[in-house]
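Trainee: Could you take me closely through a single helix of this structure, its length, its buried side and its neighbours, and then place it in the wider chain?

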Amino acid sequence: MKLCVVGSGYVGLVTAVGFAEMGHDVVGVDNDVRKVESLSAGRSPIYEPGLEELLLRNMEGGRLSFTTDLAQGMAESLFCFIAVGTPNADDGSADLGAVLAVARQIARSLSGYRVVVVKSTVPVGTSKKVDQVMREELGLAPGVPQERFDVVSNPEFLKEGSALEDVLRPDRVVVGVDNPRVAELMKELYAPFTRNGHPVYLMDVASAELTKYAANAFLATKISFINKMAELCDASGADIMNVRLGMGSDRRIGMPFLYAGVGYGGSCFPKDVKALIHTGEALGIPMGILKEVEAINARQKEIPLDIIDRLHPGGTDLKVAIWGGAFKAETDDIREASALVTLEGCLARGHRVALYDPEAMVNLKARYDGRVTFGKEPYEVLSGADVLCLLTEWRVFRTPDWDRVKKLMRRAVVIDGRNQYDPRDLSARGIECYGIGRGLKSSSR
Ligand SMILES: NC(=O)c1ccc[n+]([C@@H]2O[C@H](COP(=O)([O-])OP(=O)(O)OC[C@H]3O[C@@H](n4cnc5c(N)ncnc54)[C@H](O)[C@@H]3O)[C@@H](O)[C@H]2O)c1
Ligand SMILES: O=c1ccn([C@@H]2O[C@H](COP(=O)(O)OP(=O)(O)O[C@H]3O[C@H](CO)[C@@H](O)[C@H](O)[C@H]3O)[C@@H](O)[C@H]2O)c(=O)[nH]1
């Protein structure tokens, strides 16, 4: 089948590559000329394991191309996906400016019947707004049956770092569609996925829209819950890793997303939790549970700074080494990364910061060059450091040469923001280690 995907950012690009890989003909559309030039040359503007290889393979196979011209992208496409950004507006709500602008553009470029599929994360009721603005653009009356287009909700659940796997082998595909004829078209589009055993759940549009936020808010809640338990561990001498094991092995609870740490970041959880709070309150429903999730998360991000302050009351001009700047491993994305809170807090206190990250250096340098020293490899940032903060769980940081670490640092203190190390093991090696909820009352918070 033929489709176009408007927006070649993270989701649009991976979606386009995923559908092409499944045998469909795909045109990716973006209004960023440089992005389209780079993609047309087979270069991915984002770091995502395996992406560039599949991008090239599908372009060479003639199933995937890119353009800045929406009308050209739509010319032969039955499906037109909207995958542009939905950042928070000042009041926390999802800013639908880009989604609705694209909807209007699609309406102006219609050359035949199209299924408009909203893939961006949008609040419940947005597909109706898309329908409304397209009708306005086409001079069609609201609510009157028309045969120019239909609007479908099809939220995306991919994670950065495993985006291809998530798109090619999804736990589920959620499709919100109110028209049975369009439901059949969507089933046909997703048939290669269903054949491979990945379920497609067809439901009403409002439920599909809300499902996306419910999933993200639940995962964020799971993280804040375990972080609250970690606080209890630190206060009581328990170890959160044992508590996680004991509770997570109950299959009703599950192990994933029960890692305590310096909080969740990224382009989705912080934004989507805020937007869902706004949606609830706009509907008159108190959203205290999610406000607490946010408050706990904000607190987690401050923990490394609290520990540094406690170790060096009133101290300035410390040398702080940071391992990891991305919001999680396997991505170069630094949006809302917990590391940035530590980094900026250190700069504000007059400390010197030296940082290494395997993939996020370009993004970090664009923002902090001149204010932060960047290393070419992990050990380079350690010389003369008063403290090392591990803030992203990259594999390269998992089993360091501790003797080398000790030799290089001025004071062997490690703040393990992702619970990658055994504090008892480090203590035995003469390294002070502060994890999150590891219960070391004697040496920690
Ligand atoms: N990043 C993720 O991991 C993820 C996962 C699931 C869902 N989502 C949701 O998907 C949506 C997109 O997220 P993203 O991270 O891909 O965003 P992004 O900012 O990386 O990409 C958006 C792209 O849209 C393009 N664009 C904007 N306006 C346009 C227009 N009028 N015409 C053509 N192109 C236009 C931009 O140039 C950009 O390349 C958001 O709603 C997000 O919440 C993101
Ligand atoms: O046990 C855990 C798991 C994750 N995190 C943190 O949570 C954040 C988000 O991680 P993750 O969910 O893996 O990354 P995203 O790529 O932001 O993916 C989330 O956001 C996407 C955008 O909506 C959704 O599509 C995905 O399903 C959802 O997992 C990161 O900072 C992680 O370090 C923890 O602190 N503890």
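Mentor: The expected span of a helix is 1.5 Å times one less than its number of residues. In this predicted model, helix H5 covers residues 97-109, and because 13 residues at that rise should span 18 Å, the 18 Å between its end C-alpha atoms agrees with the expectation. The buried residues of H5 are Val-99, Val-102, Ala-103, Ile-106 and Ala-107. Viewed down the axis of H5, these buried residues fall within an arc of 145 degrees, so they line one face of the helix. Such a pattern fits the general geometry, since an α-helix has 3.6 residues a turn, so residues three or four places apart point the same way. As for the neighbours, the buried residues of H5 pack against three strands, S1 (2-6), S4 (79-82) and S5 (114-118), and against the helices H4 (70-74) and H6 (126-138).

Turning to the wider chain, the domain assignment divides it into domain 1 (2-203) and domain 2 (237-434), whose centres, taken over C-alpha atoms, are separated by 34 Å. Their contact takes 13 residues from domain 1 and 15 residues from domain 2, and on the domain 1 side these residues divide into six nonpolar, five polar and two charged. Both domains also give residues to the shell around ligand 2, so this ligand lies between them. That shell holds 21 residues, the closest being Glu-160, Tyr-259, Tyr-264, Gly-266 and Cys-268, while helix H10 (205-236) gives the most, with three residues.

Conventions. Residues are numbered from 1 along each chain as its sequence is written. Chains are lettered from A and ligands numbered from 1 in the order in which they are written. This is a predicted model: local features need pLDDT of at least 70, side-chain atom pairs count only at pLDDT 80 or more; totals for chains, interfaces and linings use all residues. Helices (H or I, at least four residues) and strands (E, at least two) are DSSP runs, numbered from the N terminus. A residue is buried if 20 or more other C-beta atoms lie within 10 Å of its own, exposed if 12 or fewer, and partly exposed in between; C-beta atoms are placed from the backbone. The arc is that of the directions from the helix axis to the C-beta atoms. Two residues are in contact if their C-beta atoms, placed from the backbone, lie within 7 Å. Domain bounds come from an automatic or database domain assignment. Ala, Val, Leu, Ile, Met, Phe, Trp, Tyr, Cys and Pro count as nonpolar, Asp, Glu, Lys and Arg as charged, and the others, Gly among them, as polar. A residue is near a molecule or strand if its C-beta atom, placed from the backbone, lies within 6 Å of it.
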